[in-house]
Amino acid sequence: MSKRTRKAKKKRQNTPKNSVNLHHKDRLFRYLFRDRKHLLDLYNALNGTSYQNEKELTITTLEGVIYMGMKNDLSFMVDSVMSLYEHQSTWNPNMPLRGLLYFAKLYQVYVKEQGYDLSGNRRIPLPVPQYIVFYNGVREMPDQSEQLLSQAFAQSSGSSLETAGLECRVRMININQGRNQELLEKCRRLWEYAELIGRIRHNQAQGMNLKEAVDAAVDSCIREEILADILLSSKVEVTDMLLEEYNEKETRRYLQREAWEEGKKEGIKQGIHAGMESKLVEQVCRKLRKGKEAEAIAEELEEDLHVIRKICQAALEFAPDYDNGLVFDKLFNK
């Protein structure tokens with residue numbers, strides 16, 4: 001290990017492990033894995049490794065980067081791997097873009113701390129990026145899936161994904177109860193987190209309001225020694241985090257509903273009106289299944305290219321089947 005590497009690592013490790021930035025709220029997932037021991041356990045469970053020395057893990061999380069007013073990223077280095085872990089309770093197709101922007105900042109910091117010269121004539125050795133998103137939302141998802149930045153690239157007659165100059169790969173891992181059981185068994189902390197969230201949802205399904213569901217789930221976990229080390233010492237803080245996260249989710253849904261209303265109004269102005277909405281979406285989806293691009297579809301249907309692009313963009317989420325009913329629902333919030 002070089003002298004400058006040791007210096008940068010020592011600087012990070014001297015940061016108090018339990019220090020809290022009071023200007024931003026924390027997420028429970030991040031709070032549970034703020035300890036190097038549990039984070040290293042999670043890394044080992046994911047990668048089939050057996051690192052034991054917590055000093056081999058260097059935290060690289062960018063404390064100033066927030067989303068919806070909440071810190072929600074965990075990034076760190078083990079050996080030559082730079083890992084970015086995120087938790088999501090709602091499916092988000094823009095995770096690859098977020099990851100790209102985050103990794104760009106991480107590499108910028110890394111190059112500066114190592115004292116490398118970007119204008120030099122020697123190739124700078126970079127740690128390998130690993131991007132994991134832990135998903136525990138209510139939308140049905142496979143145990144593991146993948147998102148690619150290239151899936152968002154606009155297609156045109158003169159472009160090709162094969163020649164795209166950028167890519168960011170996201171490994172999506174479903175950590176809901178009953179999913180990825182082998183992984184959860186390897187990492188006790190991850191299983192405990194999934195268990196707590198599962199109990200909250202079960203309580204809500206039984207008719208409890210959010211506060212009652214959270215309180216009951218937390219109490220039952222304490223009795224059964226699930227997350228006991230955290231819940232016994234920080235029960236109030238954990239409860240507040242859970243309530244804040246659920247409230248933030250409701251706020252986001254409200255903003256999305258407003259956005260859809262505006263989108264519908266704009267769609268009407270662009271020519272998508274009640275008499276032809278469903279039929280046009282169906283026609284576009286049929287042509288997408290044949291591999292046609294927005295420009296060709298607009299020309300064949302003799303429709304405004306701007307409108308067709310909006311439909312194609314909404315349909316990307318449902319590729320390759322392009323279910324026109326689901327696309328229609330997404331566009332018009334039925």
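Which side chain of opposite charge is nearest to Arg36? In this predicted model, where local features need pLDDT of at least 70 and side-chain atom pairs pLDDT 80 or more, totals for chains, interfaces and linings use all residues. Residues are numbered from 1 along each chain as its sequence is written, and side-chain values use heavy atoms, with hydrogens and water left out.

The nearest such side chain is that of Glu54, 6.6 Å from Arg36. Arg36 is buried and has no salt bridge. Buried means under 20% relative accessible area (1.4 Å probe, protein chains only), and a salt bridge is a side-chain nitrogen of Lys or Arg within 4 Å of a carboxyl oxygen of Asp or Glu. A polar atom of the Arg36 side chain does lie 3.3 Å from the backbone oxygen of Leu57. Arg36 belongs to helix H3, residues 36-47; helices are DSSP runs (H or I, at least four residues) numbered from the N terminus.

Buried residues make up 43% of the 334 residues in the protein. The largest nonpolar core, a set of buried Ala, Val, Leu, Ile, Met, Phe, Trp, Tyr and Cys residues joined through side-chain atoms within 4.5 Å, has 44 residues, and Tyr85, Phe134 and Leu190 touch the most other members. Helix H8 (residues 228-269) gives the most to this core, with seven residues. A second, separate core of 21 residues includes Leu280, Ile308, Val327 and Phe332.

Ile308 is also among the buried residues of helix H11 (residues 305-315), which include Val307, Ile311 and Cys312. Seen down the axis of H11, the buried residues fall within an arc of 165°, so they line one face of the helix; the arc is that of the directions from the helix axis to the C-beta atoms.

Notes
Helices (H or I, at least four residues) and strands (E, at least two) are DSSP runs, numbered from the N terminus. Buried means under 20% relative accessible area, exposed over 50%, partly exposed in between (1.4 Å probe, protein chains only). Lys and Arg count as positive and Asp and Glu as negative; His and the chain ends are not counted. A polar contact is a pair of N or O atoms within 3.5 Å; within protein, one must be able to donate a hydrogen and the other to accept it, and residues adjacent in sequence count only if both atoms are side-chain atoms.
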